[in-house]
Amino acid sequence: SSIRELYDQRSTPAVSLEFFPPKTEIGKRNLLERMGRMSAMDPLFVTVTWGAGGTTAEKTLELATLAENSLNLNVCIHLTCTNMSRGIIDEALEACKKIGIRNILALRGDPPIGEDWNDMESELNEFKYAIDLVRYIKQNYGDYFCVGVAAYPEGHHEGELDSNDHEPHKDLPFLKQKIEAGADFVITQLFYDVEKFLKFEELFRREVSDSIPLFPGLMPINSYSLFHRAAKLSHASIPQHISERFSPEIQADDHAVKAVGVEILIEIINEIYQRTSGRIKVFHFYTLNLEKATAQIVTGCPLLSHILEEDQDDDSLIDNEDVI
Ligand code: FAD
């Protein structure tokens, strides 16, 4: 089903989950089992990532097909458009239609490091920004696809990791254009600073749309080094009151890091829900294909625990945590 329809039908808080296609057969089998168990969280939808330039096209479509048809999940496929020929995009869209997938997250993607659009062959240059893909999908498929777009509560950074001169309001006119071109929902980059997200949400509601679903992107904390690496790569700032909770003793103890991480994520979810008066009610998890932390957050969060109440066998959700 389309995410807009599902969203309108769901009145209680919910989650959505992001996965990436594993490289190996064993990885794929493990992930499918894990996704099967995680379906007990009754996610509003699950998304499957796409390698920029189409590098994972086959594996993304394969995982998406299994999730949609064998696991009966509502799938949203990520699709990037820069540095990709129109042929790959057409093939992906046709495949989705054939499978019965109704949701596409339309992204620009990043050009290969060190390359510039201007240097690309013209065949790979047709889609410059995500809006070009939104328009293309809407023109060719009308309302068949429910199209999502990305947003950045702390601003979108191009290039250098350390530049801090980006502000969310600079991207806002472009986000608005993506919505005007027909985008139906928005998923944000991960963040840990609730104040920054809330400011962005207010700006978005005031200047872009007061009704389009906006899904905040949350990455559970699986290890201390991964937490810092992911935050840095995504340009997500870590507020001092959060970094202070990881004393050197906690940093050295993986279990303690995870436990503090679960507490932090639960607090973030509660705060967002309360302070938006429930306007934000679906929380998008960047799972990194891992199950434990997300399951513990859902189980421990009073807003979300109803999801699992009918399924008392919660332990099954947190076993078998092998890295894929
Ligand atoms: P756009 O909306 O096109 O924006 C890109 C930049 O250009 C922004 O700085 C914007 O302000 C600017 N801009 C937009 N329009 C114009 C214009 N008309 N004139 C001038 N400037 C303009 N990447 C992957 O490769 N695979 C994935 O599966 C993937 N999934 C993601 C999921 C989410 C939820 C998010 C937030 C990101 C994801 N990404 C993924 C990363 C994404 O591809 C990059 O962040 C990329 O750099 C920007 O993509 P976009 O769709 O936001 O681009």
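These exercises with worked solutions concern a predicted model.

**Exercise 1. Describe the overall make-up of the protein: how many helices and strands are there, and what percentage of the residues is buried?**

Solution. Start with the elements: the protein has 14 helices and eight strands. Next take burial: of the 324 residues, 41% are buried. Finally look at contacts between residues at least 6 apart in sequence: 80% of these join residues at least 24 apart.

**Exercise 2. Work out how the strands are arranged: in what order do they run, and is the pairing parallel or antiparallel?**

Solution. Strands of a sheet pair through backbone hydrogen bonds, and the pairing is either parallel or antiparallel. Here the eight strands form a closed barrel in the order E1-E2-E3-E4-E5-E6-E7-E8, and the pairing is parallel. Ignoring direction, neighbouring strands of this sheet are turned by 25° against each other on average.

Individual pairs can then be checked.
- E2, residues 46-48, pairs with E3 over three bridges in the parallel sense. Within this pair, Val 46 is opposite Val 75 of E3.
- E4, residues 103-107, pairs with E5 over three bridges, again in the parallel sense. Asn 103 has Cys 146 of E5 as its bridge partner.
- E5 and E6 run parallel and are joined by four bridges. Val 149 has Val 186 of E6 as its bridge partner.

**Exercise 3. Explain why strand E5 is described as largely enclosed by the rest of the structure.**

Solution. Strand E5 covers residues 146-151, and six of its six residues are buried, so the strand is largely enclosed by the rest of the structure. A residue counts as buried if 20 or more other C-beta atoms lie within 10 Å of its own C-beta. The next step is to separate the two sides. In a regular strand the side chains alternate between the two faces of the sheet. In E5, Cys 146, Gly 148 and Ala 150 point one way, while Val 147, Val 149 and Ala 151 point the other way. Residues on both sides are buried.

**Exercise 4. Describe the surroundings of the ligand: how many residues surround it, and which are the closest?**

Solution. The ligand is surrounded by 20 residues, the closest being His 78, Arg 108, Tyr 129, Ala 130 and Ala 150. Two or more residues each come from strand E3 (75-80), helix H5 (130-141), helix H6 (168-180) and strand E6 (185-190). Sorted by character, the shell holds nine nonpolar, seven polar and four charged residues.

**Exercise 5. Check the length of helix H11 against the expected span, and list which of its residues are buried.**

Solution. Helix H11 runs over residues 254-275 and has 22 residues. At 1.5 Å a residue it should span 32 Å, and its end C-alpha atoms are 31 Å apart, so the two values agree.

An α-helix has 3.6 residues a turn, so residues three or four places apart point the same way. The buried residues of H11 can be read with this in mind: Val 257, Gly 261, Val 262, Ile 264, Leu 265, Ile 266, Ile 268, Ile 269 and Ile 272. After the helix comes Ser 277, with a positive phi near 50°.

**Exercise 6. Find where Asp 42 and Leu 288 lie, and state whether the phi of each is positive or negative.**

Solution. Most residues other than glycine have a negative phi. Asp 42 is not a glycine, yet its phi is positive, about 50°. Asp 42 lies in the loop between helix H2 (25-38) and E2. Because 17 other C-beta atoms lie within 10 Å, Asp 42 is partly exposed.

Leu 288 also has a positive phi, near 55°. Leu 288 is in the loop between strand E8 (282-286) and H12. With 18 other C-beta atoms within 10 Å, Leu 288 is partly exposed.

**Exercise 7. Place Ile 212 in the structure: where does it lie, and which residues does it touch?**

Solution. Ile 212 lies in the loop between helix H7 (194-207) and strand E7 (214-218). With 17 other C-beta atoms within 10 Å, Ile 212 is partly exposed. Leaving out residues up to four places away in sequence, Ile 212 touches Ile 179, Asp 184, Phe 185 and Val 186. Ile 212 and Val 186 are 26 residues apart along the chain, and their C-alpha atoms are separated by 7.5 Å.

Conventions: Residues numbered from 1 in each chain as written. Predicted model: local features only at pLDDT ≥ 70, side-chain atom pairs only at ≥ 80, totals over all residues. Near = placed C-beta within 6 Å. Nonpolar A, V, L, I, M, F, W, Y, C, P; charged D, E, K, R; others polar. Pairing = 2+ DSSP bridges. Axes fitted to C-alpha atoms, helices over the stretch in contact; angles between N-to-C directions. Buried ≥ 20, exposed ≤ 12 C-beta atoms within 10 Å, placed from the backbone. Expected span 1.5 Å × (residues − 1). Contact = placed C-beta atoms within 7 Å.
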